[in-house]
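Subject: The two-chain model, with notes

Hello,

Here is the structure I promised to pass on. Please have it open while you read the notes below.

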Amino acid sequence: MILIIDTCRDKDSLHALEFVRPITDILTECAMVHFTEITTEIINAADKIIISGSPLKEIGYSDHLKFFNWIKDYNKPLMGICNGMQIIGMTHGCELKEVTEIGPTTITKLRDDPLVDSLKKLEVYELHNYCINLPDNFKLLAESDKCIQIIKHKEKSMYGTTFHPEVMNKELITAFSEL
Amino acid sequence: MKLASLFSGGKDSVLGLYKANTKHDVVCLITIESENKESYMFHTPNISLTQTQSEALDLPLIKVKTKGEKEKELAELKQAIQQAIDEHQIEGIVTGTVASTYQASRVQRICNELNIWCFNPLWQMDQLELLHDLVENKFEVYIAGVFAYPFGEEWLGKTINSDTIAKLKQMQEELKINPAGEGGEIETFVTDCPAFKKKIIITKYSTEYDNYAGVFNIEETKLEEK
């Protein structure tokens with residue numbers, strides 16, 4: 001079972017229809033939990049986890065990192081989308097930096113990888129005012145002219161995408177579900 | 001949170017408004033009436049009737065007419081949203097955007113510049129699910145324009161119900177049309193839904209049709225108590 005973690009500020013928010021439902025619609029079987037309701041039992045029950053993105057105006061996740069302490073020790077496949085990738089980065093010591101990209105953007109592939117190779121096109125949908133630098137122990141798989149775009153942990157199946165694959169690159173979510 | 005609805009009067013903008021109202025308060029409508037029939041952002045048949053829909057919804061309407069020059073109409077949209085902020089103290093807008101990254105990214109940029117929230121509750125929604133959502137929630141939706149093969153004149157003025165959805169689904173399977181018209185195949189006009197305080201009755205209309213393109217022109221309406 002794939003667990004989707006909703007990172008929108010409020011539980012059951014209108015924004016969940018925009019940032020979580022498009023991911024669940026791609027997957028045949030998944031469960032969803034709001035980030036404030038994560039428990040060790042819920043994390044352990046999942047085979048894979050996707051951490052969702054959230055709206056442009058929602059910032060300040062450094063206050064919420066206590067809900068994500070489990071990430072550093074997580075060894076099953078994990079993917080963070082936009083804000084989800086920022087959370088992965090912050091749990092690995094990164095700080096946020098202001099970089100805005102909104103709308104379709106072309107990325108450059110830097111390394112082969114099952115997820116990167118699944119992309120049918122390199123045009124992706126961006127929606128962010130912040131980004132991270134490459135965390136320690138991660139490798140850079142793709143970038144845009146403004147910031148890093150796809151990262152992967154050097155030893156684990158732990159991924160991050162700055163863009164939103166659920167919009168223009170749904171095959172990447174499917175490829176993650178098949179890891 | 002007080003929101004403005006970016007409102008065309010078609011099924012998507014009204015469904016977006018309806019969903020937004022379950023969590024927030026939509027307090028006004030914003031309509032951009034483009035004279036440019038090629039406008040990717042705003043053109044739709046019967047856009048002049050959003051005034052009637054605003055009365056049916058009992059919500060004030062901010063209406064801006066534009067010549068539809070590509071980036072200028074975005075500046076006009078930004079001004080209209082600023083007007084909604086000033087007059088109605090909105091903190092965000094809600095759209096009915098389903099799949100257009102062109103529309104979505106432009107509206108997101110404007111909201112980002114104005115530092116307000118942007119809600120797109122239909123974003124990436126399956127088109128057949130969207131159509132069923134309309135029927136389940138008792139929306140009355142007329143097909144107000146057809147713009148692609150194989151839509152015949154008989155589609156103009158049809159309402160969306162389980163029969164029309166079944167036909168649209170069949171056309172999707174056989175001809176790969178977008179069943180909810182996301183590719184511009186059909187345009188729609190909403191006369192009633194749970195958010196409407198009064199129902200719109202169409203009392204006079206005409207149709208124009210030629211070579212798989214046609215419009216259902218709503219010429220006269222009246223409001224009926226519900």
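How many residues are in the hairpin that joins β9(A) to β10(A)? The hairpin runs through 4 residues. Before I go further, please keep in mind that this is a predicted model.

**Around β10 of chain A**

The two strands of that hairpin, β9 (residues 148-153) and β10, are antiparallel and share 3 bridges. If you want a spot to look at, Ile150(A) is the bridge partner of Thr161(A) in β10(A). Strand β10(A) also pairs with β4 (residues 78-81) of chain A, this time in parallel, through 4 bridges. There, Met79(A) sits opposite Tyr159(A).

In a regular strand, side chains alternate between the two faces of the sheet. For β10(A), residues 158-161, both faces turn out to be covered. Met158(A) and Gly160(A) are buried on one side, and Tyr159(A) and Thr161(A) are buried on the other.

**Helix α4 of chain A**

Helix α4(A), residues 83-91, is mostly covered as well, with 7 of its 9 residues buried. These are Asn83(A), Gly84(A), Met85(A), Gln86(A), Ile87(A), Ile88(A) and Gly89(A). Strand β10 of chain A is part of what covers them, and β3 (48-51), β4, β5 and β7 of chain A are included too. After the helix comes Gly93(A), with a positive phi near 95°.

**Where the chains meet**

Chain A gives 18 residues to the contact between the chains, and chain B gives 17. On the chain A side, the elements that supply at least two residues each are α1 (16-19), α2 (21-26), β5 (96-106), β7 (123-132) and α6 (165-168). By class, that side of chain A has 11 nonpolar, 3 polar and 4 charged residues.

**The two domains of chain B**

The domain assignment splits chain B into domain 1 (2-119) and domain 2 (127-225). Their centres, taken over C-alpha atoms, are 20 Å apart. Domain 1 of chain B puts 20 residues into the contact between them, and domain 2 of chain B puts in 25. On the domain 1 side, α1 (11-20) and α2 (50-57) of chain B are the elements that give two or more residues. The residues on that side are 10 nonpolar, 7 polar and 3 charged.

The largest nonpolar core has 107 residues, and the members that touch the most others are Ala4(B), Ile30(B) and Ile93(B). Both domains of chain B give residues to this core, so it lies between them. Leaving aside residues up to four places away in sequence, Ala4(B) touches Val27(B), Cys28(B), Leu29(B), Ile30(B), Ile81(B), Ala84(B), His88(B), Ile90(B) and Ile93(B).

**Some backbone details in chain B**

Most residues other than glycine have a negative phi, and most peptide bonds are trans. Here are some places to check against that.

- The peptide bond from Tyr149(B) to Pro150(B) is cis, with omega near 10°. Pro150(B) is in the loop between β6 (140-146) and α6 (162-175) of chain B.
- Asp58(B) is not a glycine, yet its phi is positive, about 60°. Asp58(B) is in the loop between α2 and β3 (61-66) of chain B, and counts as exposed because it has 10 C-beta neighbours inside 10 Å.
- Lys138(B), also not a glycine, has a positive phi of about 60°. Lys138(B) is in the loop between α5 (127-136) and β6 of chain B, and counts as exposed with 9 C-beta neighbours inside 10 Å.

Happy browsing, and best wishes!

Methods:
Residues numbered from 1 in each chain as written. Chains lettered and ligands numbered in written order. Predicted model: local features only at pLDDT ≥ 70, side-chain atom pairs only at ≥ 80, totals over all residues. Buried ≥ 20, exposed ≤ 12 C-beta atoms within 10 Å, placed from the backbone. Pairing = 2+ DSSP bridges. Domains from an automatic or database assignment. Contact = placed C-beta atoms within 7 Å. Nonpolar A, V, L, I, M, F, W, Y, C, P; charged D, E, K, R; others polar. Core = buried A, V, L, I, M, F, W, Y, C linked by C-beta atoms within 7 Å.
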